[in-house]
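The exercises below are meant to be worked with the coordinates open, and each task is followed by a solution that proceeds step by step.

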Amino acid sequence: MSDGQLNVITLVSVGSHPMSARARRAEQDARAVELGLHLAGDRLTVLHAGNPYEESLRAYLGMGLPALHVLEQPKGADALPVLVEYLREAQVQVVLTGTQAETGAGSGMLPYLLAESLGWPLVVGLADVESVDAGHAQVLQALPRGQRRRLRVRLPFVASVDNAAPAARQSAFGPARRGEIKVEDVDIFDDLLWQEAVLQPARPRPKRLKVIKAKTAADRFRAATAKATGDGGQILRDVTPQAGAEAIFKVLREEGVVR
């Protein structure tokens, strides 16, 4: 669907390649730009809060954008207040973001905080905007296991776009170089939470016990109804809490859940 009168703003960030860690356009942000182009065409505004001289931002311009707007901020500044002020003055109807940034804090909280500060509805996992009519939008929300849910949302609203949305078009070198980066000076707010945060490498999630791998529904049914067989287990009766806890901890260590 395309509506020439719809005012759409897409927020973008600097991404990171999962293998090389080189700066790039963020995958989900690029999908949000693609959806914004589908909705508003050339009238789409793409906005970034941060360093305007980051070369990877031009990858968004390579998607056919005439310009990219940047609210210039140093590293460690809080982007929320300046984004809220910009969106309030822009008379925007739809704000699209990625679900989670690939660099920086990457907490995924920005869409929620924006919607709360603006008092607007929030749609999580947006897959498509089907129609806009009479101050409301009919949207398609992605649910687990490929399911979809149709929602009717009043304008304006904030929506986070994930991998369920259509894939972004390729970035062309020529338009990326010709596109203009428009820099705006804004007030700087220190991000106190980021300054006090302690960063550490992410730990792998514990694996599930005895995962049943079945390709068909019949295989899953047989696995669920099959009689359990003994596998060297141990039945504990009338033991002390200490002995029971030690036995459970031993099993968890053997299964690799804890180390």
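**Exercise 1.** Which element gives the most residues to the lining of the largest pocket?

Solution. The model is a predicted one, and the starting point is the largest pocket, which holds about 1400 Å³ of space. Of the 41 residues that line this pocket, the closest to its centre are A79, A101, T103, G104 and A105. The elements that give two or more residues to the lining are β4, α3, β6, α4 and α6, and among the contributors β4 gives the most, with 4 residues. Sorting the lining by residue class then yields 21 nonpolar, 15 polar and 5 charged residues.

**Exercise 2.** Determine with which strands β1 pairs, and decide how the two faces of β1 are placed.

Solution. Begin with β6 (residues 94-98), which runs parallel to β1 and is joined to it by 3 bridges; within this pairing, V8 has V94 as its bridge partner. Next take β4 (residues 45-50), which also pairs with β1 in the parallel sense over 3 bridges, and here the bridge partner of L11 is L47. For the faces, recall that side chains in a regular strand alternate between the two faces of the sheet. In β1 (residues 8-11), V8 and T10 lie on one side and I9 and L11 on the other, and all of these residues are buried, which leaves both faces covered.

**Exercise 3.** Check whether the length of helix α8 agrees with its number of residues, and examine the residue that follows the helix.

Solution. Helix α8 covers residues 241-255, and its 15 residues, at 1.5 Å a residue, should span 21 Å. The C-alpha atoms at the ends of α8 are 21 Å apart, so the expected and computed spans agree. Just after α8, G256 takes a positive phi of about 80 degrees.

**Exercise 4.** Locate backbone features that depart from the usual pattern, and place each in its loop.

Solution. Most residues other than glycine have a negative phi, and most peptide bonds are trans. Against this background, A21 has a positive phi near 65 degrees, sits in the loop between β2 and β3, and counts as exposed because its relative accessibility is 55%, where the cut-off for exposed is over 50%. A134 likewise has a positive phi, about 55 degrees, lies in the loop between β7 and β8, and is exposed at a relative accessible area of 64%. Finally, the peptide bond that joins L155 and P156 is cis, with omega about -10 degrees, and P156 is found in the loop between β9 and β10.

Conventions:
Residues numbered from 1 in each chain as written. Predicted model: local features only at pLDDT ≥ 70, side-chain atom pairs only at ≥ 80, totals over all residues. Heavy atoms only, no water. Buried < 20%, exposed > 50% of the residue type's maximum accessible area, 1.4 Å probe, protein only. Pairing = 2+ DSSP bridges. Expected span 1.5 Å × (residues − 1). 1 Å grid on protein atoms, 1.4 Å probe; cavity = no way out; pocket = protein on both sides within 12 Å on 5 of 7 lines; lining within 4 Å. Points joined across faces, edges and corners; volume = space filled by probe spheres on them. Nonpolar A, V, L, I, M, F, W, Y, C, P; charged D, E, K, R; others polar.
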